[in-house]
Amino acid sequence: MTPPPGWYRDPTAPHAERWWDGTAWTEHQRAPEPAGHPVPGPPPLPGPPPPATVGGGSARSRAMALTVAGAVLVAAIVTGAVFLQDDATGDGDDGGGPVAGPSPTLVPGTTSQPPAPAPSPTASEPSGDDPAVVEDQLNGITFPLPAGWVRPRNVSQENVVMTTDGTYDCPSGIGVCRHGMVFSRTVTENDETSPKALAEGDIADAADEAYDRDALDRRPYGGIESHQLVDSGPVAVAGRAGYFVRWRVRTADGPGGYVQSLAFQSSVGTESPVIVRYVFDAGEDGPPLAEMDLITKGIRVLGDTGGSGGVGSSVGPS
């Protein structure tokens, strides 16, 4: 038996309904009507009506009827699947509302689920290359990078941690100089471990290398004429006991500068002593002397954003 005439889900377009005249599909389509809506009669057909089926039918008629019945069955299955999908997703109301759009067409070898959305980007982890911090991985410490200071670029000296930005012609006219430099090195030439002894023993060499003769035995500042002690004393550095000595150096050419030797024990590896040297030009072009204390106070154990230490702080553990 074939279905009676009426509007049915179009097997070729599940989002629409097509008129079945009891024998074959017509060319008339419409959008799905809400459930319970009276089914109107078929609209006028253009041209002559389709030929009537002979009672009992020939083999050709029976084959056509079976084909149509199969198409109707497929349409019913698709309609049921659409309603079930609406109920599962909560898109429908109480089952009496209009049917949602067609379910996605399946491609052999794929699933009926839509592709998963791309994961939203997550907050990236903080970069280890913090622009405001310089790492000394050998000694397991970091230094704050004040405004106007940069990581070393085109510097021939060893163990340089940071320099002031830019260069200028040295006062004696020999080579180029920088207004500020900070060095960090591990003590390996002796077995001394006392921060005070290390700082007091290093300050003269630090002054000579900064303002007397360079590695090529030249005198960019005309040589050192005198020096005087500005300050010295114990200091906590990254939670370790340290000691610093600061000199004011006067040179034959230019305004001279300030040199400081800071000694403390590393908190990593063999905990070998570390010496940090500061070289600041004097005069209005040199960096503020307070930045020596700022950098010292900001020295941290590598990977630690807290910690304590700095000029004027209590001395940490020895």
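Where is Asp 217 located: in the loop between which two elements? That opens the first exercise; a few ground rules come before the solution.

This is a predicted model, where local features need pLDDT of at least 70, side-chain atom pairs count only at pLDDT 80 or more, and totals for chains, interfaces and linings use all residues. Residues are numbered from 1 along each chain as its sequence is written, and side-chain values use heavy atoms, with hydrogens and water left out.

**Exercise 1. Place Asp 217 and Asn 154, and describe their backbone and exposure.**

Solution.
- Step 1: Asp 217 sits in the loop between H2 and strand S11 (224-237). Helices (H or I, at least four residues) and strands (E, at least two) are DSSP runs, numbered from the N terminus.
- Step 2: check the backbone. Phi of Asp 217 is near 65°, a positive value in a residue other than glycine.
- Step 3: check accessibility. Asp 217 counts as exposed because its relative accessibility is 52%. The scale here: buried means under 20% relative accessible area, exposed over 50%, and partly exposed in between (1.4 Å probe, protein chains only).
- Step 4: do it again for Asn 154. Asn 154 is in the loop between strand S6 (149-150) and strand S7 (160-164). Asn 154 is not a glycine, yet has a positive phi of about 55°. With a relative accessible area of 80%, Asn 154 is exposed.

**Exercise 2. Work out the sheet that contains S5, and find its edges.**

Solution.
- Step 1: take S4 and S5. Strand S4 (residues 133-136) pairs with strand S5 (residues 141-144) in the antiparallel sense, over four bridges. For the term itself, two strands pair if DSSP finds at least two bridges between them.
- Step 2: pin down the register. Val 133 has Pro 144 as its bridge partner in S5, and Asp 136 has Ile 141.
- Step 3: look at the turn. Four residues lie between the strands of the S4 and S5 hairpin, and Gly 140 takes a positive phi near 70° there.
- Step 4: add the next strand. S5 and strand S15 (residues 300-301) run antiparallel and are joined by two bridges; Thr 142 has Arg 300 as its bridge partner in S15.
- Step 5: put it together. The three strands form an open antiparallel sheet in the order S4-S5-S15. S4 and S15 each have a single partner strand, so one side of each is left without a neighbour in the sheet.

**Exercise 3. Is Ile 141 buried or exposed, and what does it touch?**

Solution.
- Step 1: Ile 141 lies in strand S5 and counts as buried, because its relative accessibility is 2%.
- Step 2: list its contacts (heavy atoms within 4.5 Å). Leaving aside neighbours within four places in sequence, Ile 141 is in contact with residues including Val 134, Ser 184, Phe 264, Val 274 and Leu 302.
- Step 3: go for a long-range pair. Ile 141 and Ser 266 are 125 residues apart along the chain, but their C-alpha atoms are separated by 7.9 Å.

**Exercise 4. Do the same for Gly 256.**

Solution.
- Step 1: Gly 256 belongs to the loop between strand S12 (240-251) and strand S13 (257-265).
- Step 2: with 2% relative accessibility, Gly 256 counts as buried.
- Step 3: beyond neighbours within four places in sequence, Gly 256 is in contact with Tyr 211, Arg 248, Val 249, Thr 251, Asp 281 and Ala 282.
- Step 4: take Tyr 211 from that list. Gly 256 and Tyr 211 are 45 residues apart in sequence and 7.3 Å apart in space, C-alpha to C-alpha.

**Exercise 5. Describe the sheet built from S1, S2 and S3.**

Solution.
- Step 1: the order is S1-S2-S3 in an open sheet with antiparallel pairing.
- Step 2: strand S1 (6-9) and strand S3 (25-30) are the edge strands, each pairing on one side only.
- Step 3: S1 and strand S2 (residues 17-20) are joined by four bridges, and Arg 9 has Glu 17 as its bridge partner in S2.

**Exercise 6. Which class of residue lines the largest pocket, and in what numbers?**

Solution.
- Step 1: the lining has 16 nonpolar, seven polar and ten charged residues. Ala, Val, Leu, Ile, Met, Phe, Trp, Tyr, Cys and Pro count as nonpolar, Asp, Glu, Lys and Arg as charged, and the others, Gly among them, as polar.
- Step 2: a pocket is an open set of points on a 1 Å grid over the protein atoms alone, where a 1.4 Å probe fits, with protein on both sides within 12 Å along at least five of seven lines; lining residues have an atom within 4 Å of a point.
- Step 3: S10 gives the largest share of the lining, five residues.
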